[in-house]
Amino acid sequence: MTRTALFPRTGRGTALCGVLLLITAEGLAVGLAPHPLRLFLSGTLIGASVAGLLLALLLAAGRRRAGAAAGPGPFRDDAQWFSARSLDGFPMEQVRPLLLAPGAPGLSRLYTAWVFATHGHDPQWIARHLDLPVRTARLLVTAARRHTGAAPAR
């Protein structure tokens, strides 16, 4: 049984916590500073904050441009993941013995795993998110890479 985290840790959440901690530290620094230094300290902190914001915006814009230039994954038809062609190349003969085993996963789950595999997901991701054995997910990913002509992951 897999467990889903109620509040998963993401890079955005970590960055938000860091920013909130920095704002708190800046407020404490300005509040505890002697009165003659408060104006200078406030100006310095505002300037540093503006510079950091501009740097973050430049980095985000660069990442957005790099992601757009990369293009879609190996399947190329990202508009419809579950289309009439999405099951082309499905390795039914290799999967059939798995379907006949006791406690076997359902065919619909294997079809979903196949679609994820043709869109470039790795076996560990598929196994974890669809509650499949890693061996089964690896079989589907290998067949999907053969079918789409994608290079095997290292």
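Before I start on who touches whom, a note to myself: contact here means heavy atoms within 4.5 Å. I'm working from a predicted model.

**Entry 1: helix 4 against helix 5**

I looked up this pair to try that cut-off out. From helix 4, the residues Arg109, Thr112, Ala113, Phe116 and Ala117 meet Trp125, Ile126 and Leu130 of helix 5. Sorted by class, the residues of this contact come out as six nonpolar, one polar and one charged. I get an angle of about 145 degrees for the packing of helix 4 and helix 5, and their axes lie 10 Å apart. The crossing of the two is right-handed.

**Entry 2: stepping back**

What does the whole protein consist of? I count six helices and zero strands. Read from the N terminus on, that gives the order α-α-α-α-α-α. The protein has 154 residues, and buried ones make up 20% of them. I also checked contacts with a separation of 6 or more: 47% of these join residues 24 or more positions apart.

**Entry 3: helix 5 against helix 6**

Next I followed the chain from helix 5 (residues 123–130) to helix 6 (residues 134–148). Their axes come within 8 Å and cross at roughly 130 degrees. An angle from 115 to 145 degrees falls outside the parallel, perpendicular and antiparallel ranges, so helix 5 is oblique to helix 6. I noted a right-handed crossing for helix 5 and helix 6.

Which residues make this contact? On the helix 5 side I wrote down Pro123, Gln124, Ile126 and Ala127, and on the helix 6 side Val134, Ala137, Arg138 and Val141. By class, the contact of helix 5 with helix 6 divides into six nonpolar, one polar and one charged.

**Entry 4: the loop in between**

Asp131 caught my eye in the loop between helix 5 and helix 6. Its phi is near 55 degrees, which is positive although the residue is not glycine. That is worth a note because most residues other than glycine have a negative phi. Is Asp131 buried or exposed? Neither label fits: with a relative accessible area of 44%, Asp131 is partly exposed.

**Entry 5: Leu130**

One place back along the chain I stopped at Leu130, which is in helix 5. Its relative accessible area is 15%, and the cut-off for buried is under 20%, so Leu130 counts as buried. What does Leu130 touch, once neighbours within four places in sequence are set aside? I found Arg109, Thr112, Ala113 and Phe116. I also looked at Leu130 and Leu110, which are 20 residues apart along the chain, and their C-alpha atoms are separated by 8.7 Å.

**Entry 6: helix 3 against helix 6**

Back to helix 6, this time with helix 3 (residues 92–100) as its partner. The two pack at an angle of about 165 degrees with axes 11 Å apart. Anything over 145 degrees counts as roughly antiparallel, so that is the label for helix 3 and helix 6. The crossing of helix 3 and helix 6 is left-handed.

For the contact I listed Gln94, Val95 and Leu98 from helix 3, with Arg135, Thr136, Leu139, Leu140 and Ala143 from helix 6. Five residues of this contact are nonpolar, two are polar and one is charged.

**Entry 7: Thr136**

Thr136 is a helix 6 residue, and I wanted to know how hidden it is. At 5% relative accessibility, Thr136 counts as buried. Not counting residues up to four places away in sequence, Thr136 touches Leu98 and Leu110.

**Entry 8: the largest nonpolar core**

Which members of the largest nonpolar core touch the most others? Among its 16 residues, I found Ile126 and Leu140 in that position. Helix 4 (107–118), helix 5 and helix 6 are the elements that give two or more residues to this core.

I then went through the contacts of Leu140, leaving aside its neighbours within four places in sequence. My list for Leu140 reads Phe90, Pro91, Val95, Leu110, Ala113, Trp114 and Ala117.

**Entry 9: Ser42**

Last stop, further towards the start of the chain: Ser42 sits in helix 2 (residues 35–70). With 24% relative accessible area, Ser42 is partly exposed. Ser42 and Val30 are twelve residues apart along the chain, and I have 6.6 Å between their C-alpha atoms.

Definitions and conventions
Residues numbered from 1 in each chain as written. Predicted model: local features only at pLDDT ≥ 70, side-chain atom pairs only at ≥ 80, totals over all residues. Heavy atoms only, no water. Axes fitted to C-alpha atoms, helices over the stretch in contact; angles between N-to-C directions. Helix = DSSP H or I, 4+ residues; strand = E, 2+ residues; numbered from the N terminus. Parallel < 35°, antiparallel > 145°, perpendicular 65-115°, else oblique. Left-handed = near helix turned anticlockwise from the far one by under 90°. Nonpolar A, V, L, I, M, F, W, Y, C, P; charged D, E, K, R; others polar. Core = buried A, V, L, I, M, F, W, Y, C linked by side-chain atoms within 4.5 Å. Buried < 20%, exposed > 50% of the residue type's maximum accessible area, 1.4 Å probe, protein only.
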